[in-house]
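Please study the sequence and the model displayed below before attempting the exercises. Each task is followed by a solution in steps.

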Amino acid sequence: ICWGLESSGKMSVKSATWLAHGIHPSHPKWKYNWLWKLDIPPKLQLFVWQILLGRLPVRANLHYRCTGISEKCPFCTHPSESASHLFLHCPTIQSFWDQHATLAWLSFRPSPTRITHMITYLVKNNNKVSNLVSNLLGKVLFSLWSIWKARNDYFQFQRFQPISCSP
């Protein structure tokens, strides 16, 4: 017997999963496969994965899932706390990015409209210019993680410790 979903003809868990989910190996691969190749901790990879899929449990997503939680941003009372609002547009968090730029820790201040655009832009350019952009990508991802942790402290304990960045 020959398994038709593998070039070797042998069945694998991977190809059986494809079959179970109706995915054929010739289908285009997930466009964010680069994420698993980044040299960052697995916890950070999962966090970025949730951002890219739009599954980060920000208040807008929690509200959408009927949890009874208000959509309002806990920092600025914007009507909807989406990932893009939290990481790019919230006035409280914008001061964090300004501080990073002032201390020259980051060479830019994020300005895209969507957080997924910023991450994919940095990754696309990460392949072209090695160490400089790679370092920038790592700083941005760890900054996003710091913002997320501070947001969760506020969300859970109703206290906000200003996020500081030291040179």
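The exercises below concern helices, burial, aromatic pairs, a salt bridge and a surface patch.

**Conventions.** The model is predicted: local features need pLDDT of at least 70, side-chain atom pairs count only at pLDDT 80 or more, and totals for chains, interfaces and linings use all residues. Residues are numbered from 1 along each chain as its sequence is written, and side-chain values use heavy atoms, with hydrogens and water left out.

**Exercise 1. State which elements the protein contains and what share of its residues is buried.**

Step 1. Helices (H or I, at least four residues) and strands (E, at least two) are DSSP runs, numbered from the N terminus. The protein has seven helices and zero strands. Read from the N terminus, the order is therefore α-α-α-α-α-α-α.

Step 2. Buried means under 20% relative accessible area, exposed over 50%, and partly exposed in between, with a 1.4 Å probe and protein chains only. Of the 167 residues, 35% count as buried.

**Exercise 2. Compare the span of helix α2 with its expected span, and determine where its buried residues lie.**

Step 1. The expected span of a helix is 1.5 Å times one less than its number of residues. The 12 residues of α2 should thus span 16 Å, and its end C-alpha atoms are 16 Å apart, which agrees.

Step 2. The buried residues of α2 are L44, Q45, F47, V48, I51 and L52. Seen down the axis, they fall within an arc of 160°, so they line one face of the helix. The arc is that of the directions from the helix axis to the C-beta atoms. In general, an α-helix has 3.6 residues a turn, so residues three or four places apart point the same way.

Step 3. P42 and K43 are exposed on the other side of α2.

Step 4. Just after α2, G54 takes a positive phi of about 75°. G54 lies in the loop between α2 and α3, and its relative accessibility of 35% makes it partly exposed. Between the C-alpha atoms of G54 and A83 the distance is 7.7 Å, although 29 residues separate them in sequence.

**Exercise 3. Carry out the analysis for helix α5.**

Step 1. Helix α5 (residues 91-102) has 12 residues and reaches 16 Å from its first C-alpha to its last, close to the 16 Å expected.

Step 2. I93, F96, W97 and H100 are the buried residues of α5. They cover an arc of only 90° around the axis, which puts them on the same side of the helix.

Step 3. On the other side of α5, P91 and T102 are exposed. A104, just after α5, takes a positive phi of about 60°.

**Exercise 4. Classify the aromatic pairs of F47 with F87 and with W148.**

Step 1. Rings of Phe, Tyr and Trp (its six-membered ring) pair if their centres lie within 6.5 Å; planes under 30 degrees apart count as stacked, over 60 as edge-to-face and the rest as tilted. The structure holds five such pairs.

Step 2. The ring centres of F47 and F87 are 6.1 Å apart and the planes stand at 85°, so this pair is edge-to-face. F47 lies in helix α2 (residues 42-53) and F87 in helix α4 (residues 83-89), so the pair ties together parts that are 40 residues apart in sequence. Both F47 and F87 are buried.

Step 3. F47 and W148 form a tilted pair, 6.1 Å centre to centre with 40° between the planes. This pair links F47 in helix α2 to W148 in helix α7 (residues 130-157), 101 residues apart. Their C-alpha atoms are 9.3 Å apart in space.

Step 4. F47, F87, W145 and W148 form one aromatic cluster. F47 has a relative accessible area of 3% and is therefore buried.

**Exercise 5. Identify the residues that form a salt bridge, and state whether R151 is buried or exposed.**

Step 1. A salt bridge is a side-chain nitrogen of Lys or Arg within 4 Å of a carboxyl oxygen of Asp or Glu. By this rule the count comes to one salt bridge.

Step 2. The side chains of R151 and E81 meet at 2.9 Å, N to O. R151 lies in helix α7 and E81 in the loop between α3 (59-64) and α4, so the pair ties together parts that are 70 residues apart in sequence.

Step 3. R151 counts as buried at 1% relative accessibility, and E81 is buried at 0%.
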